[in-house]
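Dear colleague,

Please find the structure below, handed over for your own inspection. A summary of what was found in it follows.

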Protein chains: 2
Amino acid sequence: MPLKERLLIQRIRRLATRQKDSVRAGIGDDCALLSLPRGHQVLVTTDFSLENVHFRREWHPPDAVGHRCLTRGLSDIAAMGGVPVAAFLSLALPPELPQKWVDEFLRGLLKLARRHSLPLAGGDTAQSPGGVLADITVLGSVPAGKAVLRSGARPGDLIYVTGSLGSSLAALNELRDGKKLKPAAHAKHFYPEPRVAVGRWLRDKKLATAMIDISDGLSTDLSHICEESKVGAVVYEKMLSSVGRSSRFVSGHGFSRAESVAQRSRALAPDVLELALHGGDEYELLFTARPDRRVPKEIAGVSVTRIGETVRGRGMKLKKGDGSVTSLRPAGWEHFG
Amino acid sequence: MPLKERLLIQRIRRLATRQKDSVRAGIGDDCALLSLPRGHQVLVTTDFSLENVHFRREWHPPDAVGHRCLTRGLSDIAAMGGVPVAAFLSLALPPELPQKWVDEFLRGLLKLARRHSLPLAGGDTAQSPGGVLADITVLGSVPAGKAVLRSGARPGDLIYVTGSLGSSLAALNELRDGKKLKPAAHAKHFYPEPRVAVGRWLRDKKLATAMIDISDGLSTDLSHICEESKVGAVVYEKMLSSVGRSSRFVSGHGFSRAESVAQRSRALAPDVLELALHGGDEYELLFTARPDRRVPKEIAGVSVTRIGETVRGRGMKLKKGDGSVTSLRPAGWEHFG
């Protein structure tokens with residue numbers, strides 16, 4: 001192992017959060033060794049964060065890249081109603097990368113990990129043949145048989161989303177247009193918050209019949225639930241517009257700004273509704289619940305909005321404000337590449 | 001998600017081995033959901049296989065790259081005495097890569113997976129910003145408290161290795177010299193066999209006090225056991241030479257060939273002993289056992305050779321055939337980059 005990699009491992013070891021009791025052996029053995037609560041199942045998710053595919057070094061400060069990297073994994077655990085147990089980071093770095101970039105990347109990642117009491121329990125390091133390459137694996141646990149799958153929705157279930165939708169893609173469009181953005185003012189894009197507490201609460205209360213995180217865009221991720229649950233869906237434009245309007249982007253900059261983004265008419269022709277329907281990289285939760293169950297308007301401090309319902313048959317429809325109905329097609333966000 | 005990635009996921013889904021009972025949900029949900037035997041702990045390991053770092057497309061046929069990718073993970077599970085439970089593959093591909101390459105890569109990986117009854121239970125796909133990028137995560141299970149760590153050796157333990165050492169680096173040196181090699185004739189390099197059954201047997205019989213797989217080279221990996229167990233070590237040249245001599249490389253090509261490799265005197269000046277001491281990429285197991293325990297000469301069809309012993313204090317020594325003693329320094333293999 002080259003010296004630089006060995007130093008990186010030592011650095012990660014030092015920076016990594018104190019190992020929890022559940023982690024018996026970690027960085028420094030052939031494998032990490034974890035104990036799960038009795039009667040629990042293991043959740044596993046892995047997600048790439050590749051330079052010029054999932055982030056750009058000129059757009060995203062390193063701590064935001066680290067934060068977003070871990071959010072991708074935590075959000076998947078949240079979408080199953082799980083509790084994150086340990087994270088594993090495979091990290092390949094180009095030789096010319098400044099050490100400060102790596103430190104800031106790890107700081108951003110570990111800060112989010114600490115907020116979830118999540119140990120960084122292992123991983124791999126290598127020299128990168130091109131660009132920063134990260135792959136995050138997150139393990140979670142869930143009581144046996146209680147994980148919320150994509151396949152549990154039944155016709156007549158109501159459809160809900162957490163938080164707001166669209167501002168991450170809106171910020172991305174501004175970055176694409178060459179704008180400099182203050183990361184703190186666009187937290188939804190730079191520091192998206194995985195909805196772990198919400199997902200856990202919904203599972204604990206047996207409220208969600210199916211759940212997914214919105215990583216590819218509402219229209220695409222809803223189509224996954226429909227496909228796996230073998231149902232159709234109707235989304236109400238009126239309900240959805242409030243999800244778009246409540247976004248930090250809109251409230252922070254005024255509506256005219258959002259519309260001026262829309263005017264520019266990129267590939268997705270994003271207005272607020274389009275952004276909410278198809279904007280990805282959101283890490284909000286999309287879930288269904290039986291119509292006779294009361295779903296709070298806020299869970300763990302996060303707003304929850306009803307946006308539609310599942311129906312018999314296949315396909316997704318959008319019910320407009322004027323009562324007309326159009327077909328809703330999955331049109332997920334593209335990567336940055 | 002771009003169409004090509006979606007097709008890749010469908011292809012993996014189709015090619016992947018039939019999900020075992022232990023995998024409740026797999027590719028197609030936010031996370032894989034696994035059940036472990038009661039009273040077991042989880043083992044986790046992640047390993048990169050990056051083009052031009054861990055393999056070269058002009059040297060390694062795609063099925064060998066897939067095989068080696070999974071071997072890296074399985075070997076770590078073996079080194080803890082674990083049983084592999086599920087694999088997760090993050091795979092980023094350059095747009096111009098022929099589909100046939102991907103199919104062959106997956107075929108090599110899944111063939112090895114099937115031999116270990118290992119389901120490919122998830123992962124991630126992306127477009128690569130440069131070269132083929134794979135990251136394999138393997139989960140294993142081990143009865144609680146029974147994993148074989150690197151830290152369990154005590155002074156006076158005997159040191160053993162499985163199989164033979166040196167032929168993987170010897171093959172690599174030939175590739176570096178521009179030789180064309182028949183992969184089947186150099187299986188140790190192209191299709192290294194993870195010692196899962198040996199590791200499991202040693203753990204089951206409570207024979208191994210400490211264990212590691214030889215990925216960075218015997219001298220480096222032995223130094224890890226010494227460091228974690230807080231012991232020193234003496235390796236006997238005479239015992240080690242039989243490990244080198246029994247190698248497929250040597251038996252396949254005759255000794256003169258091995259020596260001609262040595263003559264060329266690359267960075268490591270490899271003769272058979274040097275190759276055995278410092279050659280990495282081997283995936284044999286290095287372990288210690290109490291001196292009063294009988295260790296078979298063959299376990300699960302793999303030869304086992306005593307090569308030395310641990311001692312009080314720190315540092316590693318090499319005892320030569322003439323009785324003289326020299327210091328043994330960790331000098332692991334370099335990557336291909």
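**The axis and the two copies**

Gly130(B) is the residue of chain B that comes closest to the rotation axis, with its C-alpha at 3.0 Å. Please note that this is a predicted model. A turn of 180° and a shift of 0.0 Å along the axis lay chain B on chain A with an RMSD of 0.0 Å. The two chains are therefore related as by a two-fold axis.

**The interface**

Contact between the chains involves 56 residues of chain B and 56 residues of chain A. On the side of chain B that touches chain A, at least two residues each come from β1 (23-25), β2 (32-34), β3 (40-50), α2 (62-79), β4 (83-93), β5 (120-127), β6 (133-143) and β8 (210-213) of chain B. Among these elements, β3(B) gives the largest share, 9 residues. By character, the residues of this side of chain B comprise 26 nonpolar, 18 polar and 12 charged.

Why may one say that the copies meet through the same surface? The reason is that 100% of the interface residues of chain B are also interface residues in chain A.

The strands also pair across the interface. Strand β2 of chain A (residues 32-34) runs antiparallel to β3(B), and 3 bridges join them. Leu33(A) has Leu43(B), in β3(B), as its bridge partner.

**The core**

Leu43(B) appears again in the largest nonpolar core, which has 184 residues. The residues with the most contacts inside this core are Leu43(B), Leu43(A), Ala87(A) and Ala87(B). In general, nonpolar side chains tend to be buried together in soluble globular proteins. Setting aside neighbours within four places in sequence, Ala87(A) is in contact with Leu70(A), Gly73(A), Ala113(A), Leu118(A), Leu120(A), Ala121(A), Ile136(A), Thr137(A) and Val138(A).

**Chain A as a whole**

Chain A contains 11 helices and 14 strands. It has 337 residues, of which 55% count as buried. Of the contacts in chain A with a separation of 6 or more, 85% are between residues 24 or more positions apart.

**Three helices of chain A**

Helix α3 of chain A (residues 99-115) has 17 residues, and the distance from its first C-alpha to its last is 25 Å, close to the 24 Å expected at 1.5 Å a residue. Ala113(A), one of the contacts of Ala87(A), is buried in α3(A), as are Val102(A), Phe105(A), Leu106(A), Gly108(A), Leu109(A), Leu110(A) and Leu112(A). After α3(A) comes Ser117(A), with a positive phi near 50°.

Helix α4 of chain A (residues 167-176) includes Ser167(A). Is Ser167(A) buried or exposed? Ser167(A) is buried, because 29 other C-beta atoms lie within 10 Å, and 20 or more are enough for a residue to count as buried. The C-alpha atom of Ser167(A) is separated by 16 Å from that of Leu286(A), although the two residues are 119 residues apart along the chain.

Helix α7 of chain A (residues 218-229) has 12 residues and reaches 16 Å from its first C-alpha to its last, close to the 16 Å expected at 1.5 Å a residue. This helix is mostly covered, with 9 of its 12 residues buried. The buried residues of α7(A) include Leu218(A), Asp221(A), Leu222(A), Ile225(A) and Cys226(A). Lys230(A), which follows α7(A), has a positive phi near 60°.

With kind regards

Note on methods:
Residues are numbered from 1 along each chain as its sequence is written. Chains are lettered from A and ligands numbered from 1 in the order in which they are written. This is a predicted model: local features need pLDDT of at least 70, side-chain atom pairs count only at pLDDT 80 or more; totals for chains, interfaces and linings use all residues. Two residues are in contact if their C-beta atoms, placed from the backbone, lie within 7 Å. Helices (H or I, at least four residues) and strands (E, at least two) are DSSP runs, numbered from the N terminus. Ala, Val, Leu, Ile, Met, Phe, Trp, Tyr, Cys and Pro count as nonpolar, Asp, Glu, Lys and Arg as charged, and the others, Gly among them, as polar. Two strands pair if DSSP finds at least two bridges between them. The expected span of a helix is 1.5 Å times one less than its number of residues. Copies are superposed by least squares on the C-alpha atoms of residues with pLDDT of at least 70 in both. A nonpolar core is a set of buried Ala, Val, Leu, Ile, Met, Phe, Trp, Tyr and Cys residues joined through C-beta atoms within 7 Å.
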